[in-house]
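The following exercises concern one protein chain and are each followed by a worked solution. Please examine the sequence and the model before reading on.

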Amino acid sequence: MKSTRARSFMVLIMTLVFFAGLAYYTVKLIMHSAEWASMPMNAHISDTDGLAFAGNIYDRNNVILAQSIDKKRVYNDDEKIRKACVHIIGDNSTNISTAVQTIYRSELTDFNFIHGLGAPDMLKQGRDITLTIDSELQKTALDALGGHKGAVICYDYKTGEILCMVSTPTYDPVSVPDDIETNGRYDGAYLNRAISVCYPPGSTFKLVTASAALAEYPEAERFTYECKGKETIGGGEMVCYTTSGDVDLKNALADSCNIYFGHLALYLGKEKMTEYAEKAGFNNYMMIDRAQSEKSFYNVENADDNDLAWSGVGQYTVMETPVNMARMSAAIANGGVPVKPYFIKYMEGTLGISGKYGETELDERIMEKDTAEALKKLMDYTVTKTYGKSYVSTKLDICGKTGTAEVDGAPAHAWFTGFSTNEECSIAFAVIIENGDSAYNVAIPAARAVLDKAAEIYKP
């Protein structure tokens, strides 16, 4: 009798578990069916015909970037706009994993749980998407990169709207090159380098080291050190491009003194350097709408003193995405709290009944307000002393920092990051030019072209 009762109880438990599991997977199927259907491995939606009835994609000024006409996907008439926007829009395939036509394909094609992909043509009505980007600014950024591999990203640090995000090498989605996967000219052409590629940040990382020092030591701005241009630290050599002599934090950042910041990293130690790097977004990825960025990286667990010193100037094993760098500059401009960047401004609801707008969303605070204010003054001084305000922008007041990231056996990568202090044109940005060698000669002029164009468009 007891045995029968026990068996009955077990059958009851197993039945309840079965129905609970069935309910769970039914809910998951309904909630995520569109997402699963739009995955790249689904040939029915990822092939050329998958966008036959897809909705329109617009820039922030209602310029049509992509639309479907007579069951064919048609892109903007301007070839330069097509090339400048392909990493955001995508092509007919799903090769660009972070592009709108990949990650929002189910919405564009109006997939739903009831009819899936099998609705009659007369009932198919893809949803329209309006982006935050400005197609004219995209063209300017593409020109500014000058044929180099690299990326430009700038966004409004008050609202989070990405105004410009361009990656090179690029290609025309209307005429995808036959040799795109074999020709070195197109190496990495399916990657959006602004969010999907990490680079050694070089001297731009000194902003992170400086933020740690300012937060931990109230007297940090008065720290001085004598730079002789070359010094042995931890058994290895550390060099600077100039001999700065006795420098404090302000002039060390302006002169980009490696030896000063190397000693600052040693003074802070591994734990503090890691703590503040992670506050600045390292060892984590970012979500830009549905697009997941590559993870910026900082790990000094096995570093000796020389390695730790080099990590403080953005070398050793330090790696960063341009979008995370722009976010760091945005946080400084915004009193220590970055606004999350996004590029979906508006999405039409099903059957055009309702819509969804992009929303400003504050991210976690990464530094105290007084630290951000101190860094802002340091970056303003750096631009004034080292680059010249008018050289960086003729129309905006820019605080910034360059970086020259050493690469084995090749010219250095050239970085420039910063932000505008103009209230009516609140832009944070990052520029990376692969093997550009001189940030002053290539990264700053690229940023200047985009910033001045943005001022023409958005500044009253």
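**Exercise 1.** State in which loop Pro169 is found, and determine the geometry of the peptide bond that precedes this residue.

*Solution.* Step 1: Pro169 is found in the loop between β6 (162-168) and α7 (193-196); helices (H or I, at least four residues) and strands (E, at least two) are DSSP runs, numbered from the N terminus. Step 2: the peptide bond from Thr168 to Pro169 is cis, with omega near 10°. Step 3: most peptide bonds are trans, and most residues other than glycine have a negative phi.

The model is a predicted one, in which local features need pLDDT of at least 70 and side-chain atom pairs count only at pLDDT 80 or more, whereas totals for chains, interfaces and linings use all residues. Residues are numbered from 1 along each chain as its sequence is written, and side-chain values use heavy atoms, with hydrogens and water left out.

**Exercise 2.** Describe the backbone of Lys71 and of Ser256, and classify Ser256 as buried or exposed.

*Solution.* Step 1: Lys71, in the loop between β2 (64-69) and β3 (72-75), has a positive phi of about 65° although it is not a glycine. Step 2: Ser256, in the loop between α9 (249-255) and α10, likewise has a positive phi, near 55°. Step 3: the relative accessible area of Ser256 is 17%, so this residue is buried (under 20% relative accessible area; exposed is over 50%, and partly exposed is in between, with a 1.4 Å probe and protein chains only).

**Exercise 3.** Determine how helices α8 and α10 are oriented to each other, and which residues make the contact.

*Solution.* Step 1: helix α8 (residues 206-216) and helix α10 (residues 258-279) pack at an angle of about 75°, with their axes 9 Å apart. Axes are lines fitted to C-alpha atoms, for helices over the stretch in contact, and angles run from 0 to 180 degrees between N-to-C directions. Step 2: α8 and α10 are therefore roughly perpendicular (65 to 115 degrees; under 35 is roughly parallel, over 145 roughly antiparallel and the rest oblique). Step 3: the contact (heavy atoms within 4.5 Å) involves residues including Val208, Ala212 and Glu216 of α8 and Phe261, Leu268 and Tyr276 of α10. Step 4: the contact residues comprise twelve nonpolar, two polar and three charged.

**Exercise 4.** Establish where Ile259 lies and which residues Ile259 is in contact with.

*Solution.* Step 1: Ile259 belongs to helix α10. Step 2: with a relative accessible area of 0%, Ile259 is buried. Step 3: leaving aside neighbours within four places in sequence, Ile259 is in contact with Tyr225, Cys227, Gly229, Lys230, Glu231, Met238 and Cys240. Step 4: Thr232 is 27 residues from Ile259 along the chain, and their C-alpha atoms are separated by 9.5 Å.

**Exercise 5.** Assess the length and the burial of helix α12.

*Solution.* Step 1: helix α12 (residues 322-333) has twelve residues and reaches 17 Å from its first C-alpha to its last, close to the 16 Å expected at 1.5 Å a residue; the expected span is 1.5 Å times one less than the number of residues. Step 2: twelve of the twelve residues of α12 are buried, among them Arg327. Step 3: just after α12, Gly335 takes a positive phi of about 70°.

**Exercise 6.** Locate Thr130 and name the residues that Thr130 touches.

*Solution.* Step 1: Thr130 is part of strand β4 (residues 129-131). Step 2: its relative accessibility is 11%, so Thr130 counts as buried. Step 3: not counting residues up to four places away in sequence, Thr130 touches Tyr58, Asp59, Arg60, Phe343, Ile344, Lys345 and Tyr346.

Methods:
Nonpolar A, V, L, I, M, F, W, Y, C, P; charged D, E, K, R; others polar.
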